[in-house]
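Me: Got a minute to walk through this fold with me? I'd like to start with a helix and work outwards.

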Amino acid sequence: MNKDIATPIRTKEILNKYGFSFKKSLGQNFIIDPNILRNIVGHANLTEESGAIEIGPGIGALTEHIARAAKKVVAFEIDQRLLPVLDDTLSPYNNIKIIHSDVLKADVAKVIQEELQDVKDIMVVANLPYYVTTPILIKLLTENLPIKGLVVMMQKEVADRITANPGTKEYGSLSIAIQYYGKAEVVMSVPKTVFIPQPNVDSAVIRITKHQTPPVEVINEDFLFEVTRASFAQRRKTIFNNLQSGLYLGKENKHHIVEALESCGIDPSRRGETLTIQEFGQLADALYPMFN
Ligand code: SAM
């Protein structure tokens, strides 16, 4: 087996060889601990028949661990300066395709069709650029891609919000936006000390296993997310007050909101953070006719 890219000595050699300077604006914090990378890949349950998508390979530290476990890896990297580095560090592997692109602008469905047509299942495995964690997750989950799930590292605080249960202070519209698409769990906590440069925040790895069918059937998904965002706009307000100020129905339609809440058996004086995703789904469907 090849020597790991992620040892502190090898990483520094590579960075020096290419005179690489980190760009904070691109969320560039590279991992320098092969054990962490092995554990991340372990949580993805890849087989020799799996395909994997990585966002932000950096100098290839995680990419090579994925390549050892999967049939093929496709990695999106935005920073052109890293392309010659990756060409060099990943040269021992013949199952990696690097795509120079901002993943948020990429046609991921087309890339999957072209590059991952003969794999049995597809997982996203990545140490995400933290400044775009949420847009990346939302894009990958809403585009109806043929992926089984995601194992991704992010800021711990965001991981806690994504995986939160009703009734906790972390639970909010982000928890619902992600949990609507999959079961989300924290699988690892990662200390700052395994990165170069060290970030200011703690990190965690979460696994999202996509649902076969959503946990609640709704008339319109976008409207469900609009209702949840409005419900959490001011956490100390009741769900009724938040909906009244957030849904722009006008004061004269106040009674419609109360009726919708009551038709779902939801006390208007409850706070948004106490509602389950199923209750939000029922509520969104009860409110929907008033907007359409
Ligand atoms: N995978 C490497 C590791 O674990 O050591 C690097 C991870 S680093 C946290 C994030 C990587 O994402 C960087 O290589 C950065 O250049 C890249 N990146 C940032 N924004 C991106 C975007 N919008 N699309 C694709 N890659 C991006």
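**Helix α1 and beyond**

Reply: Sure, and keep in mind that this is a predicted model. In helix α1, residues 8-17, the buried residues are R10, T11, I14 and L15.

Me: Why do those end up on the same side of α1?

Reply: Because they span an arc of only 135 degrees around the axis, which puts them on the same side of α1. As a general rule, an α-helix has 3.6 residues a turn, so residues three or four places apart point the same way.

Me: Which exposed residues sit on the face turned away from the buried side of α1?

Reply: That face carries I9, N16 and K17.

Me: And what covers the buried residues of α1?

Reply: The cover includes β1 (30-31), α4 (82-89) and β8 (195-196).

Me: What follows α1?

Reply: G19 does, and its phi is positive, near 55 degrees.

Me: Switching to the sheet. What's the strand order?

Reply: The order is β4-β3-β2-β5-β6-β9-β7, in an open sheet of seven strands with mixed pairing. β4 (96-100) and β7 (182-190) are at the edges; each has a single partner strand, so one side of each lacks a neighbour in the sheet. On average, neighbouring strands are turned by 20 degrees against each other, ignoring direction.

Me: How many bridges join β7 to β9?

Reply: Eight, and the two strands run antiparallel, with β9 covering residues 203-210. If you want a spot to look at, A184 stands opposite I208 in β9.

Me: Which helix packs on the sheet, and which strands does it touch?

Reply: Helix α5 (residues 108-115) packs there, touching β2 (50-55), β3 (72-77), β4 and β5 (121-127). The direction of α5 makes about 150 degrees with that of β3.

Me: OK, core next. Which residues touch the most other members of the largest nonpolar core?

Reply: I53, L243 and L283, out of 65 residues in that core. There's also a second, separate core of 40 residues, including I5, V41, L46 and I196.

Me: What does L283 touch?

Reply: Leaving out residues up to four places away in sequence, L283 touches V227, I239, L243, A260, L261, C264, I266 and L275.

Me: How do α9 and α10 pack?

Reply: Helix α9 (residues 221-231) and helix α10 (residues 239-246) pack at about 115 degrees, with axes 8 Å apart. Their crossing is right-handed.

Me: Which residues meet there?

Reply: From α9, V227, A230 and S231 meet I239, N242, L243 and G246 of α10. Among these, V227, I239 and L243 are also touched by L283.

How values were computed: Residues numbered from 1 in each chain as written. Predicted model: local features only at pLDDT ≥ 70, side-chain atom pairs only at ≥ 80, totals over all residues. Heavy atoms only, no water. Core = buried A, V, L, I, M, F, W, Y, C linked by side-chain atoms within 4.5 Å. Buried < 20%, exposed > 50% of the residue type's maximum accessible area, 1.4 Å probe, protein only. Contact = heavy atoms within 4.5 Å. Helix = DSSP H or I, 4+ residues; strand = E, 2+ residues; numbered from the N terminus. Arc of directions from axis to C-beta. Pairing = 2+ DSSP bridges. Axes fitted to C-alpha atoms, helices over the stretch in contact; angles between N-to-C directions. Left-handed = near helix turned anticlockwise from the far one by under 90°.
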